[in-house]
Amino acid sequence: MRKIVLIFITLMITIFLLICYMVYRDNNYLNKIKKDIIKTTDIIDVTYLNKYGNYYIVKDNEYLYLMDDEYNILLQKDLILVHENTNNYDIIYRDENFMYMHDYKEKHKLIYEYYNIGTYELIDTVSLGG
């Protein structure tokens, strides 16, 4: 009985350490991308970073940028034209426009809501499942 308890405790500690390691690696990955963007572009401070599809959506204090995998700026939008993200939604690039995306689970459905980045109005809702 003592061996079973010892094996169980060892297994639980190992799982916990693996989860901590994965979180640490993920945070380092995002920090590395931020450093690479600052090093290869004229952007001084990255305040927001999101990878969506084949693009990086990057925000600094003045602009919202769309970048490819090689950190080339494909599109630049002035932050004056961007509505304040009061609900902390993800910024994505879809249908040749920046937009806010909110995803949540309701019962047995996964629901995606897309909002206009300039007016914060709901553009589209997509429901998957159930």
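Charge is a handy way into this predicted model: the chain carries 14 positive and 19 negative side chains, and the centres of these two sets sit 15 Å apart.

As for the fold, the chain has 1 helix and 8 strands. Walking along the sequence gives the pattern α-β-β-β-β-β-β-β-β, with the helix ahead of the strands. The chain is more spread out than a compact globule, because its radius of gyration is 20 Å, well over the 14 Å that the globule rule gives for 130 residues. Taken along the principal axes, the C-alpha atoms fill a box of roughly 65 × 45 × 25 Å.

Burial and surface come next. Of the 130 residues in the chain, 27% are buried. About 9700 Å² of the chain is exposed, and carbon and sulfur atoms supply 56% of that area. Turning to contacts between residues at least 6 apart in sequence, 24% join residues that are at least 24 apart.

The aromatic rings deserve a paragraph of their own. With ring centres required to lie within 6.5 Å, the count comes to 8 aromatic pairs. One of these is made by Tyr55 and Tyr93, whose ring centres are 5.5 Å apart; their planes meet at 75°, so the pair is edge-to-face. This pair ties together distant parts of the chain, as Tyr55 belongs to strand S2 (residues 55–59) and Tyr93 to strand S5 (residues 90–94), 38 residues apart. The two partners differ in how they are covered: Tyr55 is partly exposed, with a relative accessible area of 29%, whereas Tyr93 is buried, at 17%.

A second pair has another geometry. The rings of Tyr89 and Tyr120 have centres 6.1 Å apart and planes at 10°, so this pair is stacked. Here too, distant parts of the chain are linked, this time through loops: Tyr89 lies in the loop between strand S4 (73–78) and S5, and Tyr120 lies in the loop between strand S7 (109–116) and strand S8 (122–128). The two residues are 31 apart in sequence, and both Tyr89 and Tyr120 are buried. Nor does the stacked pair stand alone, since ring pairs join Tyr89 and Tyr120 with Tyr100 and Tyr115 into a cluster.

Note on methods:
Residues are numbered from 1 along each chain as its sequence is written. This is a predicted model: local features need pLDDT of at least 70, side-chain atom pairs count only at pLDDT 80 or more; totals for chains, interfaces and linings use all residues. Side-chain values use heavy atoms; hydrogens and water are left out. Helices (H or I, at least four residues) and strands (E, at least two) are DSSP runs, numbered from the N terminus. The radius of gyration is taken over C-alpha atoms; the globule rule is 2.2 Å times the number of residues to the power 0.38. Buried means under 20% relative accessible area, exposed over 50%, partly exposed in between (1.4 Å probe, protein chains only). Contact means heavy atoms within 4.5 Å. Accessible areas come from the Shrake-Rupley method with a 1.4 Å probe; for residues, only the protein chains shown count as cover. Lys and Arg count as positive and Asp and Glu as negative; His and the chain ends are not counted. The place of a charge is taken as NZ of Lys, CZ of Arg, CG of Asp or CD of Glu. Rings of Phe, Tyr and Trp (its six-membered ring) pair if their centres lie within 6.5 Å; planes under 30 degrees apart count as stacked, over 60 as edge-to-face and the rest as tilted.
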